[in-house]
Each structure stands twice: as C-alpha cells, then as structure tokens.
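This report describes one protein chain, from a single residue outward to the chain as a whole. Please keep the sequence and the structure in view while reading.

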Amino acid sequence: MTGARSKSIVIWAFVATALIMLSAPTIVVLGASFTAGNIITFPPDGFSLQWYAKILQAGDLRQAFVRSLIVAAICTAVSIPVGTLAGIALAKYRVRFARSLQVYLLLPFTIPLIGSGIGMMLAFGQMGVLGQVWPVGIACAVINLPFMIWAVTASASNLSPDLDLAAANCGAPPLQTFFYITLPAVLPGVITGSLLMFILALNEFLVSLLLVDARSVTLPVQIYNSIRSIITPDLAAISVVFIACAGAAIALLDRLVGLDIFLKSK
C-alpha cells in the first residue's frame with residue numbers, strides 16, 4: 001500500500017511539474033500584459049489595460065494582424081480541397097506508390113524550415129510576387145499540408161467500403177456519393193485539419209519573414225521587428241491576443257468535433 005501511494009505521489013509530482021513548466025510562460029506573458037509600468041515585469045507593476053488600448057490604436061499592428069488573418073484564410077482555403085481529396089484517396093483507395101507518398105508527406109518535417117522557406121522565396125521571386133500576402137498563404141499550406149491530410153485520413157480510414165456500394169446500388173453517381181456520403185463522414189477530420197491549418201498559418205514567422213517586405217509584414221514579423229529595438233508590454237498584450245485566438249480555435253474544435261476525436265486522429 002505504501003509503495004503504491006509513493007508511486008502515485010511521484011507520478012502526480014511529475015504531472016504537476018510538467019503543467020507548471022508548460023503554463024509558466026503563458027502566465028508570465030499574461031501578467032506582464034496588464035502591468036501599469038513601462039517595461040515588462042513580473043509580477044506586474046500594478047494593473048492597467050493601457051497596453052491593450054495601445055495595440056487597438058496602433059494602425060501598423062492592426063494592419064499586420066489583418067494580413068495574418070488573410071494568410072491564414074488563404075492557407076486554409078487551399079488546404080481544405082487538396083488535403084481532403086488526398087486524405088480520402090490515401091485511406092479509401094489502393095494508390096500506387098502509397099508508401100512513397102507517405103514518406104513524401106514527411107518531407108516538411110525532415111527538411112529544415114529555413115530550407116523550405118528559401119526554396120519558396122526563390123520560386124516566388126522568379127514569379128515576381130515577393131512582397132505580396134497571398135504567396136505566404138500558399139507557402140504555409142505547402143509546409144503544413146500533412147496535418148490536414150493526416151486529420152482527414154484518420155476519419156476516412158473508418159469508412160466502410162460497403163457505403164459506396166450501397167449508394168451505387170441505389171443509383172447514386174460517384175459525385176453524388178462523394179458529397180452526400182463520403183464528405184459528411186470525414187467532416188470531423190476536415191474541421192480538425194482546417195482549424196489546425198488556420199492556427200499554424202496565423203502564427204507562421206520564418207516563412208513570412210522570407211516572403212514579405214517592409215510594406216506587407218504579418219503580425220509575427222511585426223512583433224519580431226519591434227523586439228529588435230525594445231521589448232515593451234504592448235508586445236505581451238499582442239501575445240495574449242494570439243493565445244486567445246488559439247484558445248478560441250480549440251474551444252470551437254471541441255464544440256464542433258470534440259477534443260477526444262481530435263486526439264484520436266493524431
């Protein structure tokens with residue numbers, strides 16, 4: 001009994017330590033964003049909402065945030081059809097060179113992100129579109145597409161092949177079968193992948209840094225440019241806004257799909 005209790009105490013101690021280590025940066029940033037002083041301190045020097053009011057009044061930050069939203073929207077819009085069709089194909093059909101395709105999907109994680117970013121910078125530079133916002137969305141979709149494919153594949157792998165046969169026996173053409181049977185069945189994976197792609201693109205920094213110029217920076221690049229000179233509490237407030245966006249996406253995911261399904265898909 002004593003040994004079991006000691007084991008439980010050790011396990012919970014490790015769990016508590018992990019939770020503290022994971023939550024400590026967020027707590028520090030959250031507290032620093034409400035400081036009444038002019039520098040980032042924790043514990044905060046008083047309580048004030050002045051830094052949130054400042055970022056609302058800063059036109060450059062608002063424009064950078066809007067650009068980040070555009071990048072995330074483009075990335076998600078590109079990833080949904082491509083990732084959905086690819087995930088369904090890999091799960092339902094015997095695709096030639098399927099093993100090679102699965103290895104290819106791991107390339108974004110085996111190739112350093114700086115290498116992928118430089119390659120895309122050269123490609124978009126040849127096209128003469130560097131400095132615009134939409135290439136950043138395309139680049140984010142290319143890099144993070146495996147997440148979308150894996151989420152859809154996890155849902156599509158549970159589909160029974162008898163569903164297609166039943167629909168065909170009822171006279172449904174393949175396109176109608178796809179929209180009325182297959183797509184609703186894999187919708188949890190599509191929603192999971194879409195929200196994940198949106199969050200990843202919203203927070204993408206390195207690729208954005210390589211593909212934008214000073215006139216079209218996204219919010220992560222804008223933050224980077226700011227901290228090169230001085231770190232002020234308004235940057236902590238911006239970080240809290242990012243955390244809130246991620247939290248809202250997770251809450252939406254839990255409401256639409258369920259976190260248990262999301263975790264099983266991973």
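Ser194 is buried, because its relative accessible area is 11% and the cut-off for burial is under 20%. The model is a predicted one. Ser194 sits in helix α10, which covers residues 187-202. Apart from neighbours within four places in sequence, Ser194 is in contact with Thr76, Ile80 and Met148.

**Helix pair α3 and α10**

Two packed helices are described by the angle between their axes and the distance between the axes. For helix α3 (residues 59-92) and α10, the axes come within 8 Å and cross at roughly 145°. The crossing of α3 and α10 is right-handed. On the α3 side, the contact is made by Ser68, Leu69, Val71, Ala72, Ala73, Cys75, Thr76, Ser79, Ile80 and Thr84. On the α10 side, Val190, Ser194, Met197, Phe198, Ala201 and Leu202 take part. Thr76 and Ile80, both named as contacts of Ser194, thus belong to the α3 side of this pair.

**Two partly exposed residues**

Gly46 lies in the loop between α1 (2-33) and α2 (50-57). Gly46 counts as partly exposed because its relative accessibility is 42%, and that class runs between the 20% and 50% limits. Leaving out residues up to four places away in sequence, Gly46 touches Phe34, Thr35 and Ala36. Gly31 is 15 residues from Gly46 in sequence, and the C-alpha atoms of the two are 9.9 Å apart.

Tyr224 belongs to helix α12, residues 219-227. With a relative accessible area of 31%, Tyr224 is partly exposed. Tyr224 also helps to make a nonpolar surface patch of about 390 Å², together with Ile40, Leu209, Ile227 and Ile231.

The accessibility values of the residues discussed are listed here.

| Residue | Relative accessible area | Class |
|---|---|---|
| Ser194 | 11% | buried |
| Tyr224 | 31% | partly exposed |
| Gly46 | 42% | partly exposed |

**The chain as a whole**

How many helices and strands are there in the chain? There are 14 helices and zero strands, so the order of elements from the N terminus on is α throughout. The chain has 266 residues, and buried residues make up 34% of them. It exposes about 15500 Å², of which carbon and sulfur atoms supply 70%. Among contacts between residues at least 6 apart in sequence, 71% join residues at least 24 apart.

Note on methods:
Residues numbered from 1 in each chain as written. Predicted model: local features only at pLDDT ≥ 70, side-chain atom pairs only at ≥ 80, totals over all residues. Heavy atoms only, no water. Helix = DSSP H or I, 4+ residues; strand = E, 2+ residues; numbered from the N terminus. Buried < 20%, exposed > 50% of the residue type's maximum accessible area, 1.4 Å probe, protein only. Contact = heavy atoms within 4.5 Å. Areas by Shrake-Rupley, 256 points an atom, 1.4 Å probe, with all protein chains shown as cover. Patch = residues over 30% accessible without salt bridge, like charges linked within 9 Å, V, L, I, M, F, W, Y side chains within 5 Å. Salt bridge = Lys/Arg side-chain N within 4 Å of Asp/Glu carboxyl O. Axes fitted to C-alpha atoms, helices over the stretch in contact; angles between N-to-C directions. Left-handed = near helix turned anticlockwise from the far one by under 90°.
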